[in-house]
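Open the structure in your viewer and keep the selection panel at hand. We will go one stop at a time.

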Amino acid sequence: MLNVLIQMFSYPFLLRAMIVGVLVSLCASLLGVSLVLKRYSMIGDGLSHVGFGALAVATAVHAAPLAVAIPVVVAAAFLLLRLSESSKVKGDAAIALISTGALAIGVMAISFSTGANMDVYNYMFGSILAMSQGDVRLSIALSAVVLVLYMLFYPKIFAVTFDETFSLATGVRVGWYNVLIALLTALTIVLGMRLMGSLLISSLVIFPALTSMRVFQSFRCVVISSACLSIVCFLIGLLLSYAWSTPAGASVVCANIAAYLLFWAFSLVRQRLRRKPMENA
Amino acid sequence: MALITCENVSLSYESVPVLSGLSFCVNPGDYLCIVGENGSGKSTLVKALLSLKHIAGGSIRFGDGLRKNEIGYLPQQTGAQQDFPASVQEVVQSGCINQIGLRPFYPAAQRLRVQQNLKRLGLWDLRKRSFRQLSGGQQQRVLLARALCATSKLLLLDEPAAGLDPKITQEMYAFVRGLNQEGITIIMVSHDIQSVLADASHILHLQHRPLFFGKTEEYVKSDAAKRFLGGAFHA
Ligand SMILES: Nc1ncnc2c1ncn2[C@@H]1O[C@H](COP(=O)(O)OP(=O)(O)O)[C@@H](O)[C@H]1O
Ligand SMILES: [Mg+2]
C-alpha cells in the first residue's frame, strides 16, 4: 500500500494532479453546501458545460485555454444567476438551453479544428495529464481566496443561505453575496474541469454537501464534513484510478457515490436505533 | 416623534395596483394590528415597510433614530427551506447578523443576546436540536427569537399564528403582548382579529385601500369593523 503511494507520487504529473484536485475539491465542497441549499445546483452544471465550450473554442483558435475559459465562465455565472433568480418558469429552461448550446458549440469547434475524438473525450471526462505547473500555482491562489473569503463571510453566508428574505430585511447585501458565491464557483469549476472532466466536475459541488446532509443536522457540521469528505473521496478516487488505470474524474465520482451510500445507510440505521427505545418506553 | 410615518403610499406588482392612498403612523410603544381579507395587501405592506419592495408612490419615513436594519421580522412564510440543516442556535444567531459588521464571528455581546432570547422563548434546552426536526410551533418560536435578536425597538410579525393550534396560538399572542408591555413596538398582521382586539392599541384595516386606521376603541364602533366582524362581535 505504502509502496504504491510512494511509487504514485514519484510521477510529478500525479503529484500536480493531487494538489490541484485536493484544493479544487475543498473549494467546490464549501461552495457546494450553499449552492445545493439555495437550489442553485443547476448553476454548477451549467457552468461546467459553458466551460467545456470555452475550452474547445480556445483550443480551436490556438488561444490559451484558461485565458478564454475564465472570463467566459465568469460571465456565464452572472447570467445563470440572474436567470435562476427570476421567478419565471422560463429561467430553468434557459439554463438548460445555455448548457446544451455551449456543449454543442464546443463539439463543433473541436471537430472543425482537429477532428480528434481524443480531445473531446479528455474535455468531457477529464485527464490527469492536463495539470501544468501554472495550474498548480493558480489553484493554490484560488483556494486561498475561497477559503479566506468563506471564513470571513461565514455568518453572512449562513444567513443568506438560510433565509434570503430575512437577511435582506436586516440589511445584508444579499445580491452581493450571491454574486460572490457564483463567481467563486465559476473559478473553481474552470480550474477543476480539465482534471475532472466537464461532465463530472459538478459532482464535486453537489455530492459532498448532499452526503453530509444525510447525517449532520447543523450547518457548521455539514460544512466541515463536506470539506473533509470531499478531500478523502478525491484521494481515494485518485488511488483507484492509479491502481485500476481508470479515468481520475470517474473514479472520484464513484468514491463519492460510495460515501453517499455509506452515509445514507448510517442515517437509516441511526433512525432505527433511535426509534426502538421510544417504542419500548 | 413617530417611529414610522406613511404618507399616501401606493404599492403595486408590475403596475397592477395592490394598495393605494395609505397614510398612517406608528409611535414608539404602539401595538398596531393590520387586518383585512386574504389578498388585501397586508403582506405587501409589510414588505414595503422592510424595504423589500419598492413603493409606487408616496413616502415611508423612519423617525426616532430607527434605522432600516433595526426591524425584527417574522415572515408569513419563511424563505427557509424545511429540510435545511441548521441548529436552533445557528438560526437564532443569524438574527444578530446586522450587528456584527464585517466580523467573521459573533462577539460576546451578541452571544449573550442570543442566549437571553433562547431562554426567554423556552428554547435553551432545544438549542442544539435541528431546526428541521422541530414542530411548527417550536419553529415559529425559533424564528421569533431570531427576530428579537435583530431588534430591541420594532417587531414586524406577518400572521405569526398561521398554522398553529389554538393553544400555541394563544401562547404566541400572550408572548407578543408581553414584549409590547416591555416597550417594544409591535406591528402585526392577523386575520384572527378577535384574539388581538384586547391587545392592539391601533388597528389598520385594509381592502386594497385603508378602510380604517385609528385606535382600537374607535375601530370596534366603526362601520368597517361591523362588516368585517359580522355578528361575531358585539361591542
Ligand atoms: N409576487 C407577486 N406578484 C404579483 N402579485 C402578487 C405578488 N404577491 C402578491 N400579489 C398579489 O397582491 C395582492 C396582495 O397580496 P398580499 O399582500 O400577499 O395579501 P395578504 O393581505 O393576504 O397578505 C394579492 O392580490 C396577490 O395576488
Ligand atoms: Mg399575507
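**Stop one: chain A**

Select chain A and follow the elements from the N terminus: they run α-α-α-α-α-α-α-α-α-α-α-α-α. That comes to 13 helices and 0 strands. Keep in mind that this is a predicted model.

Now zoom out until chain A fits the window. Its C-alpha atoms fill a box of roughly 70 × 50 × 30 Å along the principal axes. The radius of gyration of chain A is 20 Å, which agrees with the value near 19 Å for a compact globule of 281 residues.

Next, show contacts. Take those in chain A between residues at least 6 apart in sequence: 78% of them join residues at least 24 apart.

**Stop two: the surface of chain A**

Turn on the surface. Chain A exposes about 12,900 Å², and carbon and sulfur atoms supply 72% of that area. Of the 281 residues in chain A, 50% are buried.

Colour by charge. Chain A carries 17 positive and 8 negative side chains. The centres of these two sets lie 7 Å apart.

**Stop three: the magnesium ion**

Select ligand 2, the magnesium ion. Which protein atoms are its donors? They are OG of B:S43 and OE1 of B:Q76, lying 2.0 to 2.3 Å from the ion.

Trace each donor back along chain B. B:S43 lies in helix α1 (residues 42-49), and B:Q76 in the loop between β5 (71-74) and α2 (88-93), so the pair ties together parts 33 residues apart in sequence.

Finally, are these two donors buried or exposed? B:S43 counts as buried at 19% relative accessibility. B:Q76 is partly exposed, with a relative accessible area of 36%.

Notes
Residues numbered from 1 in each chain as written. Chains lettered and ligands numbered in written order. Predicted model: local features only at pLDDT ≥ 70, side-chain atom pairs only at ≥ 80, totals over all residues. Heavy atoms only, no water. Helix = DSSP H or I, 4+ residues; strand = E, 2+ residues; numbered from the N terminus. Rg over C-alpha atoms; globule rule 2.2 N^0.38 Å. Buried < 20%, exposed > 50% of the residue type's maximum accessible area, 1.4 Å probe, protein only. Contact = heavy atoms within 4.5 Å. Areas by Shrake-Rupley, 256 points an atom, 1.4 Å probe, with all protein chains shown as cover. Lys, Arg positive; Asp, Glu negative; His and termini not counted. Charge placed at Lys NZ, Arg CZ, Asp CG, Glu CD. Donors = N, O, S within 2.8 Å, 3.2 Å for Na, K, Ca; no water.
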